[in-house]
Amino acid sequence: MVGLRRAKVTLYATLHTKIAEHKIVLADRQQVLNDAWESLVREGGAVVGSMPVFTVAGTEREAEKDE
């Protein structure tokens, strides 16, 4: 019975460690996607002209005009 309990605890600890490691990977990927999205929105606004640029936070600002 003690061996089964130890096996369960070991399994839980391993699972918890793997999930924590995976959360770090997912957070890094999310940051890369957010940066790429912001860059595309910013550059797209510059190409089209003066149009609203949306940031990740959902706020809106007027795109800067090239003069």
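**Exercise 1.** What percentage of the 67 residues in the protein chain do buried residues make up?

*Solution.* The model is a predicted one, and in it buried residues account for 4% of the 67 residues in the protein chain. The surface can then be described by area: the chain exposes about 6,100 Å², of which carbon and sulfur atoms supply 62%.

**Exercise 2.** Describe the order of the secondary-structure elements, and state how confidence is distributed over them.

*Solution.* Begin with the count, which is 1 helix and 2 strands, and then read from the N terminus on, where the order is α-β-β. Turning to confidence, the mean pLDDT of the protein chain is 79, with 66% of its residues at 70 or more. Among the elements, α1 has the highest mean pLDDT, 90, whereas strand β2, residues 60-62, has the lowest, 49. Over residues 62-67 the pLDDT is below 50, and this stretch has 7 contacts in the model beyond near neighbours in sequence.

**Exercise 3.** Is Gln31 buried, partly exposed or exposed, and which side chain does its own side chain join in a polar contact?

*Solution.* First locate the residue: Gln31 belongs to helix α1, which covers residues 2-48. Its relative accessible area is 43%, and because partly exposed residues fall between the 20% and 50% cut-offs, Gln31 is classed as partly exposed. Finally, the side chain of Gln31 is joined to that of Asp35 by a polar contact of 2.8 Å.

How values were computed: Residues numbered from 1 in each chain as written. Predicted model: local features only at pLDDT ≥ 70, side-chain atom pairs only at ≥ 80, totals over all residues. Heavy atoms only, no water. Helix = DSSP H or I, 4+ residues; strand = E, 2+ residues; numbered from the N terminus. Buried < 20%, exposed > 50% of the residue type's maximum accessible area, 1.4 Å probe, protein only. Areas by Shrake-Rupley, 256 points an atom, 1.4 Å probe, with all protein chains shown as cover. Polar contact = N/O pair within 3.5 Å; in protein donor to acceptor, adjacent residues only side chain to side chain. pLDDT = per-residue confidence, 0-100. Contact = heavy atoms within 4.5 Å.
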